[in-house]
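Me: I am new to this structure and would like to learn how to read it step by step. Could you take me through it, giving the idea behind each feature and then the case at hand?

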Amino acid sequence: MTTLGELLLLCAFVASGYAAFAALAADRLRHGTLARSADVAAMGGLCALTGVMFVLGWALVAKDFRFAYVAQYSSQLLPWHYSLSALWVGQAGSLLLWAWLVGICWLVCRFAAFMRASELRGATCGYVAAYLTFLLAVLVFGADPMAASAEAPREGAGLSPLLQHPAMLIHPPIVFLAYALWTVPCALALAALAQGRLQEEWLEQARPWALCAWAVLGGGILLGADWAYEELGWGGYWGWDPVENGSLIPWLTGTSLIHAGMACRHRGVMRKTTFVLAIATFGLCNFATFLTRSGIFSSLHAFSRSPLGWMFLVLMFALAVGGGTLMFLQRQNLAPRRPFGGIWARESLIVIASLALWLLAGVAFIGALAVPLSDLLIGRKVVIGQAFYNNALIPTGLLLLLTTALAPLTRWGKPPSARQWRMLRYAFAVAVVVAVVAGVRGGLHPLEIGVASCAGLAAAAFFGGLLLDVRRRTPSPFWQAAWQTLRVGRRQHAAFVAHLGIVCLAIGIAGSSLRSRQHSATLHIGQPYQWEETTIRLIGLQQHRRADKLVVDAELLVTPANASPFTLRPAQHWHRLQREWTTEVAIHSTWSGDFYAILHGNDDTEQASLTFVVNPLMRWLWGGGILAVAAAFVALWPQRRRVAQSASSSPLRGPHFRFLARRRQTETTHG
Amino acid sequence: MTSLHELPQRMSVMPGASRVGGTGPKLALACGVIVSVTIYLASVGANADWQYYLTTDECLNQADTLIGDRLRVSGKIATGTLLVAGDRRSATFQLVGQERTLAVTSVGLVPDNLLEDREVVVEGRLENSQSLQADKLITRCASKYESRAATDIVANSTERAGPRR
């Protein structure tokens, strides 16, 4: 089986390499036969790659330790679903999954209806296939997932107990899917630059890819935070770890790309910025991989010290040089096509919001690279602490929240209308009232007051903007007009709902960061323990033996002062194979906050050592993130056929004009 | 019909649109203020909260100049030296480098995967030229991207230590 896998991997590498070369050459020479051969080769390569995935997946589930990879990441006692998840836990397996997902992106790019009319499709597929070839080259020459064990062991090393968590079943594939999706906007940008097709066609086609990648990466980051919160047992969800920063940075630049793309499509401004962001976001996905695989950091996460990370660095360098050269050659044609419509126009707000996003990304980037950068610049390795992040991120984050809140009451190319100004005044009044109430209530941090005020502004601006849109539809009955407004302006209103989700996320971050309380204690069975206004009673300690582990758990009855009592069961698991303990925290979650219990150990059968953490507003954080991701998918859903038909019935033809016709219709609707 | 793509690119650029109009200076000023304030605040934060990141050998070689400073030191936990309190709120161990060994006393929650012969990063103050008082331990998760050799695991798979009690 290992030989079959090796052969399939080699076939996939050769076929995708030919597909990349043939697709780019066919696009240049306008050679139909060559283009068809590229498609056939890419399809063959993808089939071979799928075969490799099946072989490794089967070997993992069947615990075939003749595969070195299976012996390293699986074991006889590991449940099949965690065994399968080992496919993306190890170095070679995760790269294989990533390559396969890039292959799927190629398939969609080549055959999806929304890409069919594109003049850029051939070159785009060529660039995607070239990247697939790079990933396969890394697999073939650096991290072979099909390598055979020197001597097949009777038992494998098993999966780290920390990674045996439901969030880890889907977090890595989701992040790799997002990285794969970001390949296509970059490929479209490179194709547009190479061909000199600098109109908004590439942006119109990049939009669904970018939006999907943004939502998927956001979901992946959220799942990773949830894993850290539930599995690492320290009561937090974000530690400014280089790996966390590595995935956050492309998400921030991707957010900027989506907004700059809108400004470019609607107003013809930020044209160079969109190209730079499309290339940079993809490059930063590779940077995240470089962080995890180069071994230049010490982190909570494990890092390999293989040369693979440096291969990604070379790729980033090539991308920067290639993209920079193309941008330089096209610089004359990338000037803005219209002036900004004033400082209060929506495109100006996007410029300010983009700047805030770049600053956030820059801070995370410098934080991630502080050690090697300081070594290079001052000859000493220096680690930067939390104060660096907090000082820079709090004002920038508040600015970003403010621009996010104002978006529904702004217009493209013009300052807000008289009605919008009036509604903005009401929204600011709501923000002031919220700030005053929060201030009078006392005991709140200025940041909490700021976030609460921005939240009030965002909610008022959202509903104010919606009301203005609905009023335009009078004399229709109110609810009918509201439905029509939401239906016709679905993309726009979904985007504003995503903004509200981000505001909820900020509320959760502010609450859980500023008001988190922690207390450690040793509890005796039956004796009540008072912490703040909560009574905690240790009911008992139980020990259960399972095939792969020993479980020790403590049953706690928690009675808050003004709420119903609840039971928690924090536990400790002893994993026999890995000879490691893991902490399984217990969390009681409400909209006001989480009560988080950690069991450390029990010196005897009558007492247990525990830590309790109160993390306020955590549900707002998770709920806000889920809302933003869900809203992005709603915005992503294709427009109804009627709209498309009316667009295609326009006397203007071609994808660019279909976009213009559609936009015209939207502008008629929304003013 | 002539496609817009076939028109010379320059034709699509409206006359005078390369300038951003009167909004430009205001927007540039706003951006300049935002960037300046952020850089200033970040530099204040970085100056207030930073530590040297050293290997065990580097730390011990420069110990005389580092006593009392907050440091982050990387190394491996020496076999047979790890002692963890029953409530998992303190631990002591020897951190070994290439040549020298540093005694570490840690106060604070001990991570689950703090094990002997594993790489660890400790954060705390150097008390004297031989020992460091740590308040934070950062461990590596050994099976992500890089696994322990399966044979090592199999060789050690007989249980040597009982469950934590």
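## Reading the model feature by feature

Reply: Let us begin with a single residue and its surroundings: leaving aside the neighbours within four places in sequence, V184(A) touches C105(A), C109(A), T124(A), V128(A) and W209(A). Please keep in mind throughout that this is a predicted model.

Me: Where is V184(A) found, and is V184(A) buried or exposed?

Reply: V184(A) belongs to helix α8 of chain A, and with a relative accessibility of 0% V184(A) counts as buried. A contact list can also bring together residues that stand apart in the chain: V184(A) and C105(A) are separated by 79 residues in sequence, yet their C-alpha atoms are 7.4 Å apart in space.

Me: How do I check the length of helix α8 of chain A, and how many residues of α8(A) are buried?

Reply: The idea is to compare an expected span with the one in the model. Helix α8 of chain A covers residues 166-195, and at 1.5 Å a residue its 30 residues should span 44 Å, which agrees with the 45 Å between its end C-alpha atoms. As for burial, 23 of the 30 residues of α8(A) are buried, so the helix is largely enclosed by the rest of the structure. The residue that follows α8(A) is G196(A), which has a positive phi, near 70°.

Me: Which residues are buried in α1(B), and what covers them?

Reply: It helps to start from the general geometry: an α-helix has 3.6 residues a turn, so residues three or four places apart point the same way. In α1(B), the buried residues are T23(B), G24(B), L27(B), C31(B), I34(B), T38(B), A42(B), G45(B) and A46(B). Their cover includes α13, β1 (382-384) and α14 (386-406) of chain A, together with β1 (50-55) of chain B. The length check works here too, since the 26 residues of helix α1 (residues 23-48) of chain B should span 38 Å at 1.5 Å a residue, and the end C-alpha atoms are 38 Å apart, which agrees.

Me: Which residues form a nonpolar patch on the surface?

Reply: Here one looks for nonpolar side chains that remain accessible. I366(A), L373(A), L376(A), L377(A) and I378(A) make up such a patch, and together they have about 530 Å² of accessible area. One of them, I378(A), lies in helix α13 (residues 346-378) of chain A, and I378(A) is exposed, with a relative accessible area of 55%.

Me: How many salt bridges does the structure hold, and which parts does the pair of R70(B) and E123(B) tie together?

Reply: Over all chains there are 14 salt bridges, and for each pair it is worth asking about the distance, the burial and the elements involved. The side chains of R70(B) and E123(B) meet in a salt bridge with an N to O distance of 3.0 Å. R70(B) lies in strand β2 (residues 70-77) of chain B and E123(B) in strand β6 (residues 119-126) of chain B, so the pair ties together parts that are 53 residues apart in sequence. R70(B) is partly exposed at 25% relative accessibility, whereas E123(B), at 6%, counts as buried. The pair also takes part in a network of salt bridges that links R70(B), R72(B), E123(B), D135(B) and K136(B).

Me: How does chain A read as a whole, and what is its mean pLDDT?

Reply: For a whole chain, one can set the secondary structure, the burial and the confidence beside one another. Chain A has 21 helices and 11 strands, and 61% of its 671 residues count as buried. Its mean pLDDT is 86, with 93% of the residues reaching 70 or more. Confidence in chain A is highest in helix α19 (residues 618-636), at 95, and lowest in helix α21 (residues 654-670), at a mean of 42.

Me: How many helices and strands does chain B have, and where is its pLDDT below 50?

Reply: Chain B has four helices and seven strands, and 41% of its 165 residues count as buried. The average pLDDT of chain B is 73, and 71% of the residues score at least 70. The pLDDT is below 50 over residues 1-20 of chain B, and also below 50 over residues 147-165 of chain B.

Note on methods. Residues are numbered from 1 along each chain as its sequence is written. Chains are lettered from A and ligands numbered from 1 in the order in which they are written. This is a predicted model: local features need pLDDT of at least 70, side-chain atom pairs count only at pLDDT 80 or more; totals for chains, interfaces and linings use all residues. Side-chain values use heavy atoms; hydrogens and water are left out. pLDDT is the predictor's confidence in each residue, from 0 to 100. Contact means heavy atoms within 4.5 Å. Patches are made of residues with over 30% relative accessible area and no salt bridge: like charges are joined within 9 Å, nonpolar side chains (Val, Leu, Ile, Met, Phe, Trp, Tyr) within 5 Å. Accessible areas come from the Shrake-Rupley method with a 1.4 Å probe; for residues, only the protein chains shown count as cover. A salt bridge is a side-chain nitrogen of Lys or Arg within 4 Å of a carboxyl oxygen of Asp or Glu. Helices (H or I, at least four residues) and strands (E, at least two) are DSSP runs, numbered from the N terminus. Buried means under 20% relative accessible area, exposed over 50%, partly exposed in between (1.4 Å probe, protein chains only). The expected span of a helix is 1.5 Å times one less than its number of residues.
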